[in-house]
Amino acid sequence: MTMTEQRTVAAARNDKSDVEHVDVLIVGAGVSGIGAAHHLQEQFPDRSFVILDAQDNRGGTWWTHRYPGVRSDSDLFTYGYRFKPWRGPSIAAGEEILNYLDEVIDEDDLGRHIRYHQRVTAANWSTEDRRWTVEATRGDNGEQVRYTTNFLWMCQGYYNHAKPYQPRWEGMDRFHGLVVHPQQWPEDLDLAGKRVVVIGSGSTASTLIPAISKEAAHVTMLQRSPSYFLAPPLTHELAVTLRQLDVPEDWTHEILRRAYTAQFNELARMSHEAPDQLHEFLMESMKPLLPEGFDIEQHFTPRYRPWQQRIAIVPEGDLFAALREGKASIVTDTIETFTEKGIRVSSGEELEADVVVSATGFNLSVMGDVAFTVDDDPVDFTERVTWRGVMISGIPNMAYIFGYFRHSWTLRVDLVSDLVGRVFERMQDRGATMVVPTLREEDAGMQLRPWSDPENFNAGYVLRSQHILFKQGDREPWTHMLEHAQEMEILPKADLEDGSLVYT
Ligand SMILES: Cc1cc2nc3c(=O)[nH]c(=O)nc-3n(C[C@H](O)[C@H](O)[C@H](O)COP(=O)(O)OP(=O)(O)OC[C@H]3O[C@@H](n4cnc5c(N)ncnc54)[C@H](O)[C@@H]3O)c2cc1C
């Protein structure tokens, strides 16, 4: 939406009839929105709330991605919530994660608060009324719906669920086979006996390949450049032991959370302080799993520091098993053109395919592509600064959840929800109806840095979208993307009276 269109929408909001009012409006019914609702309800049982989601079901990512073999690449003890023990193997299938979320929805009776098919398109804050007016479009009947709310909690994730990132390559139109994107996997796609080329080298490609190689004639992973892989067991041996000892599930959950957190903290530390050593460790742990004589240098040696992008997890090394069995192979090259029969790469080799899977990732979306206005002035996010990766400068009564890239996303859902709860309490204590992150005098002239420092994290979908994202500053509380170990200390103690939050 252009700024002029945003102004027009904002101007049309004067009609207040037929508007449902809630204390808190949550956008998104994925792991973040469901987690936020749990914490809100637990801490503030008297506040009314709704959760709006554009899709027709819960789960966000896990509802959108239903390709064969879809699974977590984090352990579920940390990807699960702090408050709900995970009872299965460490790495879980998408469907198991959906079942877990269903249990949370049932236990917390959240179903009655969730409204599906409602895509939020615009949100206007009125300082005079001390509330947001939120516009949504119903996906099932096209109807426009309007809510007002005291507090907007954005749990919309980071990518466009409806429109995956699908690059156009030369010659695609003449290809006689089928091109599919994992985000829009056709339910009835039968790959039995088919030759499949999967473009990509990240988590999605490495999850999909072992699953489809069971039935396909052959699967070729076509990657431009290699990723890092880690092949942990499907279930942590500590979990097996604790369960054999009949230790209560909530203890096992907490112990395993700590074990995995410590392990990932160490990986994060090494990625900063000893990247060469970590590189060596990752390469060495992969070698015994690969076929004899495999060209590791060409196919498995990334060009970036470990953890500048997510490390792809292949439980029990199932991707490597598919390579060893000859069911899958890897080509590291660039696409020159699609042909009638497949893909020709720069070396001149033609990879024949019946189906090409474009595991090319996401289109990043800023705050669910909602057009924000504050007192009818359109918000340009590129001019704004994050407050602790939780709120945005100059935007009143709005928090967002953005999880970790290197640790489980959900660890941050619990931490951010606690902080938002503290902000609510502080507002209540002060009798305030409005809280706005505001740069203080001492922050004047602060150096603004891009949303993600490419030295720290340089995944393609982030770098492609830096220009539309908000910024971070060079000091607290205007930074984000900190490591989990730091945030575990910082966020619970965050000073809410340091002048960076203005309450009125
Ligand atoms: C295949 C895959 C596997 C992953 N595995 C892991 C993993 O193992 N560990 C990990 O830590 N991370 C993983 N991730 C990252 C993952 O996105 C997060 O873990 C997590 O699912 C994000 O949850 P969320 O609720 O914040 O956002 P999402 O899951 O993206 O859900 C957001 C929801 O908000 C809705 N929404 C967005 N905008 C609007 C709007 N304007 N109006 C109404 N509704 C809206 C969407 O429809 C969606 O349902 C994975 C990602 C993918 C794609």
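## A walk through strands, helices and a ligand shell

Around the ligand, helix 2 and strand 4 (118-126) each supply at least two residues of the surrounding shell. Helix 2 gives the most to this shell, with 3 residues. Keep in mind as you read that this is a predicted model.

How many residues surround the ligand? The count is 33, and the closest are Gly28, Gly30, Gly60, Gly157 and Gly368. If you sort the shell by residue type, you find 12 nonpolar, 17 polar and 4 charged residues.

### Following strand 1 and its partners

Helix 2 also has a part in the next piece of the picture. Strand 1 (residues 20-27) pairs with strand 2 (residues 49-52) in the parallel sense, over 4 bridges. Between these two strands the chain passes through helix 2 (residues 31-43), and the resulting β-α-β crossover is right-handed. A good residue to look for here is valine 24, which stands opposite phenylalanine 49 in strand 2.

Valine 24 also stands opposite phenylalanine 151, which belongs to strand 6. Strand 1 and strand 6 (residues 144-154) run parallel and are joined by 7 bridges.

From strand 2 you can step on to strand 3 (residues 114-115), a parallel pairing with 2 bridges. In that pair, leucine 52 stands opposite arginine 115 of strand 3. Just before strand 3 comes a loop that links it to helix 5 (94-107), and aspartate 109 lies in this loop. Take a look at its backbone: aspartate 109 has a positive phi of about 55° although it is not a glycine.

### Strand 6 and its hairpin

Now go back to strand 6. Strand 5 (residues 131-138) pairs with strand 6 in the antiparallel sense over 6 bridges, and threonine 137 has glutamine 144 in strand 6 as its bridge partner. Which residue in the turn of this hairpin has a positive phi? That residue is glycine 142, with a phi of about 75°, and the hairpin has 5 residues between strand 5 and strand 6.

Strand 6 pairs with strand 21 (residues 398-400) as well, in the parallel sense and over 3 bridges. Here tryptophan 153 stands opposite alanine 399 in strand 21.

It helps to remember a general point: strands of a sheet pair through backbone hydrogen bonds, either parallel or antiparallel. The table gathers several of the pairings so that you can find them in the structure.

| Strand pair | Sense | Bridges |
|---|---|---|
| Strand 1 and strand 2 | parallel | 4 bridges |
| Strand 2 and strand 3 | parallel | 2 bridges |
| Strand 1 and strand 6 | parallel | 7 bridges |
| Strand 5 and strand 6 | antiparallel | 6 bridges |
| Strand 6 and strand 21 | parallel | 3 bridges |
| Strand 8 and strand 9 | parallel | 5 bridges |

### Two open sheets

In what order do the 5 strands of the parallel open sheet stand? The order is 7-16-8-9-12. Strand 7 (178-180) and strand 12 (328-332) are at the edges and have a single partner strand each, so one side of each is left without a neighbour in the sheet. On average, neighbouring strands of this sheet are turned by 20° against each other, direction ignored. Inside the order, strand 8 (residues 195-199) and strand 9 (residues 218-223) are parallel partners with 5 bridges. Valine 196 has valine 219 in strand 9 as its bridge partner.

Another open sheet has 3 strands in the order 13-14-15, and its pairing is antiparallel. Its edge strands are strand 13 (335-338) and strand 15 (350-352), each of which pairs on one side only. From one strand to the next, the twist averages 25°. Strand 14 (residues 342-345) and strand 15 run antiparallel and are joined by 3 bridges. In this pair, arginine 344 has glutamate 350 in strand 15 as its bridge partner.

### Helices farther along the chain

To finish, turn to helix 12 (residues 409-430) and helix 14 (residues 484-493). Their axes come within 10 Å and cross at roughly 15°. That angle makes helix 12 roughly parallel to helix 14, because angles under 35 degrees count as roughly parallel. The crossing of helix 12 past helix 14 is left-handed.

The loop between helix 13 (460-463) and helix 14 holds proline 477. Is the peptide bond from glutamate 476 to proline 477 cis or trans? This bond is cis, with omega near 0°.

Definitions and conventions. Residues are numbered from 1 along each chain as its sequence is written. This is a predicted model: local features need pLDDT of at least 70, side-chain atom pairs count only at pLDDT 80 or more; totals for chains, interfaces and linings use all residues. Two strands pair if DSSP finds at least two bridges between them. A crossover is right-handed if, with the strands pointing away from the viewer, the path from the first strand over the helix to the second runs clockwise. Axes are lines fitted to C-alpha atoms, for helices over the stretch in contact, and angles run from 0 to 180 degrees between N-to-C directions. A residue is near a molecule or strand if its C-beta atom, placed from the backbone, lies within 6 Å of it. Ala, Val, Leu, Ile, Met, Phe, Trp, Tyr, Cys and Pro count as nonpolar, Asp, Glu, Lys and Arg as charged, and the others, Gly among them, as polar. Angles under 35 degrees count as roughly parallel, over 145 as roughly antiparallel, 65 to 115 as roughly perpendicular and the rest as oblique. A crossing is left-handed if the near helix is turned anticlockwise from the far one by less than a right angle, and right-handed if clockwise.
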